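Trainee: I should like to study a single part of this structure closely, namely its charged side chains and their surroundings. Please take me through them step by step, with the reasoning set out.

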Amino acid sequence: MREQVEKALDTVRPILQADGGYVELVDILPSGIVQVRLTGACKGCPMSQMTLRNSIERAVKKMVPGIKAVEAV
């Protein structure tokens, strides 16, 4: 499952990198929660929660069955 989540994150990384940001996978909990860390320009950005929900979470849930949510740690 970790490999599938990384592939999903790879689909949004170029978008984040274009603005100086990055997302890294921290953990996948048994409950179906993916924990990620936003770095670079994404860290502390006021729009980061919207990016997390509308881009990152959407891509991961679409590509990896069983994922319930994505949260930043």
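Mentor: Let us begin with Lys 7, which has a relative accessibility of 48% and therefore counts as partly exposed, since that class lies between the limits of 20% and 50%. Please keep in mind throughout that this is a predicted model. The partner of Lys 7 is Glu 3: the two form a salt bridge in which the closest N and O atoms are 3.6 Å apart. Glu 3 has a relative accessibility of 58%, so this residue counts as exposed. Both residues belong to helix α1, and because they are 4 residues apart there, about one helical turn separates them.

Further along helix α1 we come to Arg 13. What is the relative accessibility of Arg 13, and is the residue buried or exposed? The value is 8%, so Arg 13 counts as buried, the limit for that class being under 20%. Arg 13 nevertheless has a charged partner, for its side chain meets that of Asp 10 in a salt bridge of 2.6 Å, N to O. Asp 10 and Arg 13 are both in helix α1, 3 residues apart, which is about one turn of the helix. Asp 10 has a relative accessible area of 43% and is therefore partly exposed. This pair also belongs to a wider arrangement: a network of salt bridges links Glu 6, Asp 10 and Arg 13.

The surroundings of Arg 13 deserve attention as well. When neighbours within four places in sequence are left aside, Arg 13 is in contact with Glu 6, Tyr 22, Val 23, Glu 24 and Leu 25. Glu 6 thus appears both among these contacts and in the network of salt bridges.

We may now turn to helix α2, where Glu 57 and Arg 53 are 4 residues apart and therefore separated by about one helical turn. These two residues form a salt bridge, with 3.1 Å between the closest N and O atoms. Glu 57 counts as buried because its relative accessibility is 11%, whereas Arg 53, at 36%, counts as partly exposed. How far apart in sequence and in space are Arg 13 and Glu 57? They are 44 residues apart in sequence and 12 Å apart in space, C-alpha to C-alpha. In the whole structure, the search finds 5 salt bridges.

A carboxylate can also meet a side chain without charge. Gln 35, placed in strand β2 (residues 33-40), is joined to Glu 71 by a polar contact of 3.1 Å between their side chains. Gln 35 has a relative accessibility of 15% and so counts as buried. Beyond residues up to four places away in sequence, Gln 35 touches several others, among them Glu 24, Leu 25 and Val 73. Glu 24 and Leu 25 are also among the contacts of Arg 13.

Finally, consider the largest pocket, which holds about 160 Å³ of space. Helices α1 (2-18) and α2 (48-63) are the elements that give two or more residues to its lining. Helix α2 contributes the most, with 3 residues. The lining comprises 6 nonpolar, 4 polar and 1 charged residue. Asp 19 is one of the lining residues, which also include Ile 15, Leu 16 and Met 47.

Conventions: Residues are numbered from 1 along each chain as its sequence is written. This is a predicted model: local features need pLDDT of at least 70, side-chain atom pairs count only at pLDDT 80 or more; totals for chains, interfaces and linings use all residues. Side-chain values use heavy atoms; hydrogens and water are left out. On a 1 Å grid over the protein atoms alone, a cavity is a set of points where a 1.4 Å probe fits but cannot get out, and a pocket is an open set with protein on both sides within 12 Å along at least five of seven lines; lining residues have an atom within 4 Å of a point. Grid points are joined across faces, edges and corners, and a volume is the space filled by probe spheres set on the points. Ala, Val, Leu, Ile, Met, Phe, Trp, Tyr, Cys and Pro count as nonpolar, Asp, Glu, Lys and Arg as charged, and the others, Gly among them, as polar. Buried means under 20% relative accessible area, exposed over 50%, partly exposed in between (1.4 Å probe, protein chains only). A polar contact is a pair of N or O atoms within 3.5 Å; within protein, one must be able to donate a hydrogen and the other to accept it, and residues adjacent in sequence count only if both atoms are side-chain atoms. Contact means heavy atoms within 4.5 Å. A salt bridge is a side-chain nitrogen of Lys or Arg within 4 Å of a carboxyl oxygen of Asp or Glu.
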